Every structure is written in C-alpha cells, then in structure tokens.
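Hi everyone, thanks for making time. I'll walk you through one structure today, so have a look at the sequence and the model before I start talking.

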Amino acid sequence: MRVLVTGAAGFIGQHVCKLLKEGGHEVIGLDNTHSSPVYLDIGADVTETLPVLKHLDAVIHLAAIASPRECDADPAKAYLVNVHGTRNVLEMARKSGAHKFVFSSSAHVYGVPPRRLPTGEDSE
C-alpha cells in the first residue's frame with residue numbers, strides 16, 4: 001500500500017510510519033517541520049492547498065494542534081490547522097484516489113486532565 005501520513009514527525013506519526021515501513025508499505029510523510037530525515041517531506045502545510053499525490057491507497061491524518069492551551073491562546077490558528085487543515089487533507093485524499101482515511105483525535109477531548117485513568121471511549 002502507498003500511505004500518506006500527516007504529522008509524520010510527531011510522536012505518534014513517527015511510530016506509525018515506522019510500523020508501516022516494517023510492514024512493507026510505501027510511506028510518504030508530511031509534516032511542517034524538517035526535523036526528521038527519515039520521512040519524505042513534501043514541503044506542504046495542511047492549512048494550504050495540498051498537492052495531489054497520485055495512487056494513494058490510504059491517508060492517516062495525525063497533523064493537528066493538540067494542546068488545548070495552545071488552541072485557547074490562538075483560536076483562529078487552531079481552527080485553521082485543525083478544521084480547515086483536515087478539510088484540505090480530505091480533499092487531497094479524494095483527489096489522490098485514496099480509498100481509506102484514518103482521522104486521529106486527541107485524548108484531550110475527554111478533558112485536561114482526564115477524570116479517570118485509563119480513559120475509556122465512554123468517558124465524559
């Protein structure tokens with residue numbers, strides 16, 4: 001499979017890319033940092049229109065501002081990256097022919113700090 005991973009240089013992204021490569025998949029890593037030479041950085045930012053990458057089988061979308069404090073400090077930036085950026089990634093995936101799309105969220109949807117650990121899907 002040919003898989004695009006957004007947020008590839010992040011903590012989870014690095015592990016996802018490693019596991020995909022170990023599984024024999026072709027991985028294209030997208031991140032707004034140039035800190036990791038392991039991944040192909042296509043120089044894109046999810047807040048901008050993304051280039052269409054032909055023949056993608058799947059997209060794993062991990063790129064986001066996950067910190068609630070950072071989002072509270074700059075709501076416009078949080079919207080641009082987390083909402084508009086996700087729309088851009090979805091549109092690029094559609095145009096690229098990807099048949100699978102994985103969207104990852106954050107444990108912060110359960111509160112900071114979570115009310116109980118481990119935090120289950122049924123937590124409020």
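Let's begin on the outside: how much surface does the chain expose, and what share of it do carbon and sulfur atoms supply? The chain exposes about 7,900 Å², and 57% of that comes from carbon and sulfur atoms. One thing to keep in mind the whole way through is that this is a predicted model. As for the inside, buried residues account for 35% of the 124 residues in the chain.

Now the layout. You can count three helices and four strands here. If you trace the chain along its sequence, the pattern reads β-α-β-β-α-α-β. And a lot of the contacts reach far along the chain: take contacts between residues at least 6 apart in sequence, and 61% of them join residues at least 24 apart.

Let's zoom in on the start of that pattern. Strands β1 and β2 pair in the parallel sense, over five bridges. To get from β1 to β2, the chain passes through helix α1, residues 11–22, and this β-α-β crossover is right-handed. If you want a landmark in the pairing, find Leu 4, which stands opposite Ile 28 in β2.

So is β2 largely enclosed or largely open? It's largely enclosed by the rest of the structure, because four of its five residues are buried.

There's also a charged link between these two strands. Which residue does the side chain of Arg 2 meet in a salt bridge? Its partner is Glu 26, with N and O 3.1 Å apart. Arg 2 sits in β1, residues 2–6, and Glu 26 sits in β2, so the pair links distant parts of the chain, 24 residues apart. How covered are the two ends? Arg 2 has 21% relative accessibility, and since buried means under 20%, Arg 2 counts as partly exposed. Glu 26 is partly exposed too, at 43%.

Okay, on to the nonpolar part. The largest nonpolar core has 17 residues, and the ones with the most contacts inside it are Leu 4, Val 46, Leu 56 and Val 59. Yes, that's the Leu 4 that stands opposite Ile 28. Elements that each supply at least two residues of this core include β2, at 26–30, and α3, at 75–96. Which element gives the most to it? That's α3, with five residues.

Val 46 is a good one to click on. Which residues is Val 46 in contact with, once you leave aside neighbours within four places in sequence? You'll find Leu 30, Ala 63, Val 81, His 84, Gly 85, Asn 88 and Val 89. Besides that core, there's a second, separate one of nine residues, with Ala 8, Ala 58, Ile 60 and Leu 62 among them.

Back to charges for a minute. How many salt bridges does a search of the whole structure find? Five. In general, side chains of opposite charge can pair when their charged atoms come close. Look at Glu 91, which forms a salt bridge with Arg 94, the closest N and O atoms being 2.6 Å apart. The side chain of Glu 91 also meets that of Lys 95 in a salt bridge, at 3.8 Å, N to O. Together, these shared partners join Glu 91, Arg 94 and Lys 95 into one network.

Why are those partners about one helical turn from Glu 91? Because Arg 94 is three residues from Glu 91 in helix α3, and Lys 95 is four residues from Glu 91 in that helix. On the surface side of things, Glu 91 is partly exposed at 22%, Arg 94 is exposed at 54%, and Lys 95 is partly exposed at 44%.

Two last stops. His 55 lies in the loop between β2 and β3, where β3 is 58–61. Its phi is near 65°, a positive value in a residue other than glycine. Is His 55 buried or exposed? Exposed, because its relative accessibility is 65%, and the cut-off for exposed is over 50%.

Then there's Lys 100, in strand β4, residues 100–103. Lys 100 and Leu 56 are 44 residues apart in sequence, yet their C-alpha atoms are 9.0 Å apart in space. Leaving aside neighbours within four places in sequence, Lys 100 is in contact with Asp 57, Ala 58 and Val 59.

That's my tour, thanks for listening!

Conventions:
Residues numbered from 1 in each chain as written. Predicted model: local features only at pLDDT ≥ 70, side-chain atom pairs only at ≥ 80, totals over all residues. Heavy atoms only, no water. Core = buried A, V, L, I, M, F, W, Y, C linked by side-chain atoms within 4.5 Å. Buried < 20%, exposed > 50% of the residue type's maximum accessible area, 1.4 Å probe, protein only. Contact = heavy atoms within 4.5 Å. Areas by Shrake-Rupley, 256 points an atom, 1.4 Å probe, with all protein chains shown as cover. Salt bridge = Lys/Arg side-chain N within 4 Å of Asp/Glu carboxyl O. Pairing = 2+ DSSP bridges. Right-handed = clockwise from strand over helix to strand, strands pointing away.
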